[in-house]
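Student: I am new to this structure and would like a close look at one part of it, the place where metal is held, together with the strands around that place. Could you take me through it slowly?

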Amino acid sequence: MLIDFHTHSSASDGDLAPRVLLERAIAAGVTAMAITDHDSIAGYQAVQSSTGSSIQLISGVEMSCVWGATTIHVVGLGFDPQSPVMDSALDALHNARRERSVTIAERLASRQVVGALEGARAVAGESQIGRPHFARWMVSEGYVPDMNTAFKKYLGQGKLGDVKTFWPSLNEVVGAISDAGGLAILAHPLKYSFTRMKLGGLCNAFKDAGGVALEVLNGRQTPADTSQLKQLASHWGLQISAGSDFHREWQYGAELGVDTAIAGTMPAVWEHLL
Ligand code: AMP
Ligand code: MN
Ligand code: MN
Ligand code: MN
């Protein structure tokens with residue numbers, strides 16, 4: 001069975017409108033999915049009532065938060081989208097993104113990159129504004145040859161455009177998802193470039209906060225990474241989740257859909273959601 005519990009639409013930094021994303025998933029044979037936009041459920045809400053019977057759409061979001069000095073992503077699944085806790089948490093994140101974009105632009109200006117706020121806002125349009133919109137604008141203005149260079153030089157982890165001060169804590173975000181009746185999943189645990197020791201610390205804090213699962217497959221990934229993550233989940237008594245992290249059709253990215261066989265004998269979040 002194919003599922004996908006990590007995908008992006010044009011409500012955040014994905015290219016496809018929510019409806020088009022859904023159609024693509026159906027065409028790929030996905031039977032259950034979540035649209036997990038960054039700090040927004042607008043994409044999910046736009047299609048939730050009209051999915052038909054060919055696919056089960058679960059409420060989803062990928063929330064930004066901070067743990068120590070690192071931005072961490074937590075996927076929330078199966079929460080009540082009308083929950084006031086979730087509503088105010090998402091509202092706070094929306095404001096955080098707006099304020100963050102001002103700071104990112106100020107910092108870029110200190111490096112002679114001028115007009116970034118207006119530029120990134122124009123690229124984002126109605127979408128939840130984020131670093132990819134800054135990156136795309138920088139490419140279009142010729143500051144960098146491609147998005148990857150924009151992240152490597154200006155926006156990626158540890159660079160001047162990596163502004164974390166506005167994010168809520170890991171505890172707050174996991175708490176909001178849990179209070180809204182959802183499952184909190186630690187997204188792509190290997191993408192934070194932590195040592196094994198620090199990754200253990202994060203799993204411990206995540207579990208203490210009420211987190212229930214680790215994302216053991218995120219897009220294209222080596223089998224070695226998947227087995228490391230499954231071991232980590234098992235060590236910390238966490239379930240597993242998986243998704244493509246699809247943003248657009250891209251030669252280095254994964255297509256929509258993950259085979260549930262990935263779980264093997266491990267407990268998986270889809271056992272509770274489907
Ligand atoms: P933000 O949500 O604003 O913090 O931006 C983070 C997003 O930037 C991630 O979800 C990715 O989609 C995107 N991203 C991160 N690194 C890169 C990169 N090297 N090239 C293109 N996009 C990236
Ligand atoms: Mn993204
Ligand atoms: Mn992420
Ligand atoms: Mn994502």
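Tutor: Let us begin with a sheet: 4 strands form an open sheet in the order 3-2-1-9, with mixed pairing, where strands are DSSP runs of E with at least two residues and helices are runs of H or I with at least four, both numbered from the N terminus, and two strands pair if DSSP finds at least two bridges between them. Strand 3 (56-58) and strand 9 (258-259) stand at the edges with a single partner strand each, so one side of each is left without a neighbour in the sheet. This is a predicted model, in which local features need pLDDT of at least 70 and side-chain atom pairs count only at pLDDT 80 or more, while totals for chains, interfaces and linings use all residues. Residues are numbered from 1 along each chain as its sequence is written, chains are lettered from A and ligands numbered from 1 in the order in which they are written, and side-chain values use heavy atoms, with hydrogens and water left out.

Within this sheet, strand 1 (residues 2-4) pairs with strand 9 in the antiparallel sense over 2 bridges, and Ile3 stands opposite Val258 in strand 9. Helix 1 (residues 18-27) lies across strand 2 (30-34) and strand 3, running at about 145° to strand 2; the angle, on a scale from 0 to 180 degrees, is taken between the N-to-C directions of axes fitted to C-alpha atoms, for helices over the stretch in contact, and contact means heavy atoms within 4.5 Å.

Now to the metal. The manganese ion (ligand 4) has as protein donors His6 (NE2), His8 (NE2), Glu62 (OE) and Asp245 (OD), which lie 2.1 to 2.3 Å from it; donors are N, O and S atoms within 2.8 Å of the metal (3.2 Å for Na, K and Ca), and because water is not among the atoms, sites may look incomplete. Along the chain, these donors follow the spacing H-x1-H-x53-E-x182-D. Both His6, with a relative accessible area of 0%, and His8, also at 0%, are buried, a word that means under 20% relative accessible area, whereas exposed means over 50% and partly exposed lies in between (1.4 Å probe, protein chains only). This manganese ion (ligand 4) is separated by 4.6 Å from the manganese ion (ligand 2).

Glu62 (OE) appears again among the protein donors of the manganese ion (ligand 3), together with His73 (ND1) and His188 (NE2), at 2.1 to 2.3 Å. His73 lies in strand 5 (residues 70-77) and His188 in the loop between strand 6 (183-186) and helix 8 (196-209), so the pair ties together parts that are 115 residues apart in sequence. His73 is buried at 14%, as is His188 at 9%. Between the manganese ion (ligand 3) and the manganese ion (ligand 2) there are 5.7 Å.

Strand 5, where His73 lies, runs antiparallel to strand 4, and 8 bridges join the two. Strand 4 (residues 60-67) is mostly covered, with 6 of its 8 residues buried. The two strands form a hairpin with 2 residues between them, and Gly68 in the turn has a positive phi of about 60°, while Trp67 stands opposite Thr70 in strand 5.
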